[in-house]
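Here are a few exercises to work through with the model open beside you. Try each task before you read its solution.

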Amino acid sequence: MQIGIVGLGRMGGNMARRLMKAGHNCVVFDANAKPRELLAKEGATAVRSLEDVTKTLEKPRAVWVMLPAGKITEDTVERLGHLLEPDDIVIDGGNSYYKDDIRRAKQLAGKGIRYVDCGTSGGVWGIERGYCMMIGGPKAAVDHLDPILKTLAPGIGTVDKTPGRGSKGGTAEDGYLHCGTAGAGHFVKMVHNGIEYGLMQAYAEGFDIIKFADSKEVAEEHRFTFDLAEIAEVWRRGSVVGSWLLDLTAMALIEDPTLSKFTGSVQDSGEGRWTIMAAIEESAPAPVLSAALYQRFSSRGEEDFADKLLSAMRFQFGGHKERGASV
């Protein structure tokens, strides 16, 4: 099948490679010439503009936008809305806000252009493992894209069938799912990323407790010194907390046991915030996910003043001095 891919970063470029390896024809564009040239050498049809993407594709055209959420995606989808024709398909495979998807789908529908939102999980490993995809949009458009989606997805692989699922079938077992109408795919991916924040925070806190089990704050007879990489490894083997995130944690601790390459400043890309906003709108309690998001703020020094104020208040009401302070 032929598809256009706009945005050839770490995920977009590797998605094109996975598709080409399976025999699909990829027409690729990126504002940066280097990734275009690299993919051209690997068999892609590289073009120099969005206009060239739409001119090169056969009708009905399908253009997969793989760009960061925000203005660049908004501008690209809007431009494609002027270049494409009825029955063509725009796929936003980035991490856009689901409410933006609903708005864009309505705008493009007025021109007969079909809009599909695809929450894409897999990161830099997706070229080998495949990409888990959560999809929203009209069923006919999603069905038309099925050869592309099936190739990008991980497939059933070695994952055991869920007990009780029987012969239910469907594509979820292959790692991709049409979740509903426009916005549904990115809504599910948004919550997926919120959960990811929580899981990562739980692992981080747990390993932190183990690392400081030899703290001088603890009575000497209660102290322990542990090898964190070995703890991670044993948990990978049959433990109830085993996961791919734990696999990656074990890799990180083997490569750099003290994590000296990292400062501990953790960014958030938006989906965690949107998840909490959705929880508030639904009156759905989400204390773990909220705390995980706020901890990312804290990691960037965004509560430094609050901490100073807490210390100042303790000093004012009780004369409590900070350790090593000259106050």
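Buried means under 20% relative accessible area, with a 1.4 Å probe and protein chains only. Please keep in mind that this is a predicted model.

**Exercise 1. Two tyrosines**

Task: Decide whether Y98 is buried or exposed, then work out how the rings of Y97 and Y98 are arranged.

Solution: Start with accessibility. Y98 has a relative accessibility of 11%, so Y98 counts as buried. Y97, at 13%, falls under the 20% cut-off too, and therefore counts as buried.

Next, look at the rings. Their centres lie 5.2 Å apart, which is within the 6.5 Å needed for a pair. The planes of Y97 and Y98 meet at 75 degrees, and because angles over 60 count as edge-to-face, that is the label for this pair.

Finally, widen the view. Y97 and Y98 belong to one aromatic cluster together with F187 and W274, and the structure holds 7 aromatic pairs.

**Exercise 2. Crossing helices**

Task: Find which class of angle describes α9 against α13, and list the residues that meet.

Solution: First locate the helices: α9 covers residues 184-211 and α13 covers residues 287-299. Their axes come within 8 Å and cross at roughly 75 degrees. Angles of 65 to 115 degrees count as roughly perpendicular, so α9 is roughly perpendicular to α13.

Now turn to the contact. From α9 come G194, I195, Y197, G198, M200 and Q201, and they meet V288, L289, A292, L293, Q295 and R296 of α13. Sorted by character, the residues of this contact are 7 nonpolar, 4 polar and 1 charged.

**Exercise 3. Charges over rings**

Task: Which rings have the charged ends of R129 and K211 over them?

Solution: Take R129 to begin with: its charged end sits over the ring of W244, 4.0 Å from the centre. For K211, the ring is that of F212, and the charged end is 5.6 Å from its centre.

**Exercise 4. A serine in a helix**

Task: Place S311 in its helix and name its contacts beyond four places in sequence.

Solution: S311 is found in α14, residues 304-318. Its relative accessible area is 17%, so S311 is buried. Setting aside neighbours within four places in sequence, S311 is in contact with H320 and E322.

**Exercise 5. The whole chain**

Task: How many helices and strands does the chain have, and what percentage of its residues count as buried?

Solution: Count 14 helices and 8 strands. Of the 327 residues, 39% count as buried. The C-alpha trace spans about 75 × 45 × 45 Å along its principal axes.

How values were computed. Residues numbered from 1 in each chain as written. Predicted model: local features only at pLDDT ≥ 70, side-chain atom pairs only at ≥ 80, totals over all residues. Heavy atoms only, no water. Axes fitted to C-alpha atoms, helices over the stretch in contact; angles between N-to-C directions. Helix = DSSP H or I, 4+ residues; strand = E, 2+ residues; numbered from the N terminus. Parallel < 35°, antiparallel > 145°, perpendicular 65-115°, else oblique. Contact = heavy atoms within 4.5 Å. Nonpolar A, V, L, I, M, F, W, Y, C, P; charged D, E, K, R; others polar. Buried < 20%, exposed > 50% of the residue type's maximum accessible area, 1.4 Å probe, protein only. Phe/Tyr/Trp six-rings, centres within 6.5 Å; stacked < 30°, edge-to-face > 60°. Lys NZ or Arg CZ within 6 Å of the ring centre and 35° of its normal.
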